[in-house]
Each structure stands twice: as structure tokens, then as C-alpha cells.
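The following questions and answers concern the charged side chains of a protein model. Please read each answer alongside the sequence and the structure.

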Amino acid sequence: MSKIVLILYYSRHGATQAMANSIALGVEKSGLEARLRCVPEVSNNFSNIQNSVPSSGDPYVVKQDLDDCCALALGSPTRFGNMAAPLKYFLDDTSAQWLAGTLESKPACVFTSSSSMHGGQETTLLTMMIPLFHHGMVLCGLPYSNPELHTTLSGGSPYGVTHLAQGDNKTKLTNEEQTLCIEQGRRLAFLAVKLSNLNTK
């Protein structure tokens, strides 16, 4: 079994990246390896060529990362209740992986951040799930046995972890948000091991 959990995200101002880092903590605490990857910007200027390596942060994702992983956490800020264009652009180019069944029967979760409480977090999570269903992935949310889902006044959702990017430091997660992100990473890693055992029998 692969022990790599791919945490793939797009982050414009750092909030979604902060969530990805906390999910990675939960994955690593479960004994699996977290591989953090991001997607590049999409430009409407076709003559504008980006560097193949980002100037800071995590490396850009390559298709081999999808082959290598045993699970996937997919994250994006909200854009009018949907995932951001750079992440959608990457997913739209995974037909070869869809045909090959690269992600089939692997567990996945989704996460998002918005600048307002009702800024489309849940619709973003649900629409991010759709291409993963097409890839044959097994989607996992976060159960209410996590007490922080009952007490949070910021982010948090049974569909996947969320962050409310408000205040002076919009990338700082609240205690509840960070705990839920870590638990989401743990749950994803736990299911990766369980599903891997089923698929090898």
C-alpha cells in the first residue's frame, strides 16, 4: 500500500494553505506521509508563462502525485459558491487518470475557506466532491462525534472542514478549526488504511 496522502489545494492569500498544513498534521500523526501540493494560477493572458516551480510555498502538483497517493484531500477558497478556477482547471485535465481508474476506491475529503460565514462554504464543498465521485473515490466528511462541530463559532462542517477568514489575521485558524482539520486528516488516513486492506483481499 502507498502511504502517501496527497493534500492538494489552491490558496490565494494563505488561509486554505493553513488548513492544508493542519490536515497534514493529522495525516502524519496517523503514521502516513502527507504530500502537500498546490496548483498554479490560471491567467487570461496566454503569453504570460509562469515559472514551473513556485517562488514560495509547496511545489506544484503533477499527475504522478495522483498515481502515488492512497488518499486525497482537496482544498480551495470559495469562488461564488464553487471551487477556484485554478483547481478546476487542473481537475478538468485528469481525463487520463479517470480512464485509468487511478483514483478509484481511494478515500477523499474536501476543505474550503471563505471571508464570510455564509460565503458559499457548503456549496463549495459539495461541488468539489462531484469530480471526485466521477473518479470513483470514496468521500468522507467529519462526524458530529467531534465535539468542536457543536461548539464552533467560526468554521466547521460535516461535509468537510472549513475556515472563516476574518479579523486581523485571516490565515490564523481558530482552535476549533485547527482541531477539526487535524481530525479530518486523521479520519482520511484511517480510511486509507481500511480501504487499502479491503482492496488487497
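Q: Is E41 buried, partly exposed or exposed?
A: In this predicted model, the relative accessible area of E41 is 35%. Buried would require under 20% and exposed over 50%. E41 is therefore partly exposed.

Q: With which residue does R12 form a salt bridge?
A: A salt bridge requires a side-chain nitrogen of Lys or Arg within 4 Å of a carboxyl oxygen of Asp or Glu. The closest N and O atoms of R12 and its partner are 3.8 Å apart. The partner is E41.

Q: How many residues apart in sequence are the parts that R12 and E41 tie together?
A: R12 lies in the loop between β1 and α1. E41 lies in the loop between β2 and α2, so their salt bridge ties together parts whose separation in sequence is 29 residues.

Q: Which residue forms a salt bridge with D93?
A: D93 lies in the loop between α3 and α4, and its partner is in helix α2, 30 residues apart. The closest N and O atoms are 3.0 Å apart. D93 has a relative accessible area of 49%, and its partner has 25% relative accessibility. That partner is K63.

Q: What is the N to O distance in the salt bridge of D92 and K88?
A: D92 is partly exposed at 49% relative accessible area, and K88 is partly exposed at 38%. Their side chains meet in a salt bridge with an N to O distance of 3.0 Å.

Q: Which residues are joined into one network by salt bridges that share partners?
A: The count of salt bridges comes to seven. Through shared partners, salt bridges join into one network R35, R37, D65 and D68.

How values were computed:
Residues are numbered from 1 along each chain as its sequence is written. This is a predicted model: local features need pLDDT of at least 70, side-chain atom pairs count only at pLDDT 80 or more; totals for chains, interfaces and linings use all residues. Side-chain values use heavy atoms; hydrogens and water are left out. Helices (H or I, at least four residues) and strands (E, at least two) are DSSP runs, numbered from the N terminus. Buried means under 20% relative accessible area, exposed over 50%, partly exposed in between (1.4 Å probe, protein chains only).
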